[in-house]
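Subject: Handing over a structure, with notes

Dear colleague,

I am passing this structure on to you, and I would be glad if you could keep it open while you read. My notes come after it.

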Number of protein chains: 2
Amino acid sequence: MSRTGADLALLLLGGFRTLVDDAVDELARRGHHDVRPVHDFAMRAIAAGADNASALGRHLSVTKQSAAKTIGVLQERGYVAVEPDPGDARRKRLIVTELGFEVMRQGEAIFEELRAGWAARIGAEELATLERHLTTLVGARPIRFDTPGGVGRDLT
Amino acid sequence: MSRTGADLALLLLGGFRTLVDDAVDELARRGHHDVRPVHDFAMRAIAAGADNASALGRHLSVTKQSAAKTIGVLQERGYVAVEPDPGDARRKRLIVTELGFEVMRQGEAIFEELRAGWAARIGAEELATLERHLTTLVGARPIRFDTPGGVGRDLT
DNA sequence: CGTAAAAAGACAACCTGGCTGTCTTTTTAC
DNA sequence: GTAAAAAGACAGCCAGGTTGTCTTTTTACG
């Protein structure tokens, strides 16, 4: 059956939503009712080295103000701590807390289970091929998390 | 290289954004600066039979209030017309206008070009396989368009 | 035929995650 | 020493979603 380009876009979004919705549901079942995908991705970015709001914004391809909002929520919920940067008074250093790491670990485990389910359904080789193709097509482009309906713009 | 489940989710989102961002940019170049993906998908759903706000909401997996907002924007911009339903006074019938169809046609063409570019890069057979796999995995699940960071809920 | 339930839509307010604009403080570069 | 750049704070706005409440109309049922 022939598909249109728009259908391809919807398939990709559908795949994303399937994984993410299932992951969020499972995290909620495990007691974390207040974690959304952007939170997990933000914590991953912080743990990977984006340790201030400006850097996190760049990592997530959002403004530092938007990143700061997300940080505020993560801080409020105890997943991230903020402290002064000893080497630069302008900066606030971000630290993923133990609770934050716990949520990230559970998130990883859940995503792995979901991915394993996908591998079981279409074949591990086929899934690896699918991932390789998407890596080729998407490349290193920064991924933005705003509303699929929304249009982001280049950031400073 | 081994990938995590979260990376898979990001690859899917990245693929979606790549297509959609490029499509929106190209539509803007062709004079339609005010069309966002949710508008195109809403018009597609209306043209496919979701001809009132409640039905559109179900189609898009959002509340009828949210669908009504999108309809309001599309109406304001001349892409959709709203008229009373002769058979049911409660309902407002939605009609995609000629301008709306024009935008949809251009959107289709742009998405086809983008998809063709993908086929050129990884092979038409490989792309068809990727689509078939995603169709298997995503199935008929309704796709929601809210913020990837957001968590939608079951709707009435 | 009358009434309760359901459906469609309108309206208001809220939420989330993005944006722009403005400002202050601090660091860097010259 | 000063200008430019960077980091962050704050306010307000935007888009697209939600919930809650309400009215009108249709449907189902006794």
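The notes below begin with how to read the values and then turn to the DNA strands, one helix and the core.

This is a predicted model, in which local features need pLDDT of at least 70 and side-chain atom pairs count only at pLDDT 80 or more, whereas totals for chains, interfaces and linings use all residues. Residues are numbered from 1 along each chain as its sequence is written, chains are lettered from A and ligands numbered from 1 in the order in which they are written, and side-chain values use heavy atoms, with hydrogens and water left out.

Around DNA strand C there are 26 residues (near means that a heavy atom of the residue lies within 4 Å of the strand), and the closest are A:Arg36, A:Thr63, A:Lys69, B:Arg90 and B:Lys92. Of the strand C atoms within 4 Å of the protein, 73% belong to sugar or phosphate and the rest to bases. Among the polar contacts (pairs of N or O atoms within 3.5 Å), a polar backbone atom of A:Thr63 is 2.6 Å from a phosphate oxygen of strand C, while a polar side-chain atom of B:Lys64 lies 3.2 Å from a base nitrogen of that strand. The element that gives the most to this surface is α4(A), with 4 residues.

DNA strand D likewise has 26 residues around it, of which A:Arg90, A:Lys92, B:Arg36, B:Thr63 and B:Lys69 come nearest. Here a backbone N or O atom of A:Lys92 lies 2.5 Å from a phosphate oxygen, and a polar side-chain atom of A:Lys64 lies 3.2 Å from a base nitrogen. For strand D, α4(B) gives the most to the surface, with 4 residues.

Turning to helix α6 of chain A (residues 124–138), its 15 residues should span 21 Å at 1.5 Å a residue, and the end C-alpha atoms are 21 Å apart, which agrees. The expected span is 1.5 Å times one less than the number of residues; helices are DSSP runs (H or I) of at least four residues, numbered from the N terminus. Its buried residues (under 20% relative accessible area, 1.4 Å probe, protein chains only) include A:Leu130 and A:Leu134, and the helix is followed by A:Gly139, whose phi is positive, near 65°.

Finally, A:Leu12 is in contact (heavy atoms within 4.5 Å) with residues including A:Leu134, B:Leu12 and B:Trp118.

With best wishes

Key: Helices (H or I, at least four residues) and strands (E, at least two) are DSSP runs, numbered from the N terminus. Buried means under 20% relative accessible area, exposed over 50%, partly exposed in between (1.4 Å probe, protein chains only). A polar contact is a pair of N or O atoms within 3.5 Å; within protein, one must be able to donate a hydrogen and the other to accept it, and residues adjacent in sequence count only if both atoms are side-chain atoms. Lists of a residue's contacts leave out its neighbours within four places in sequence.
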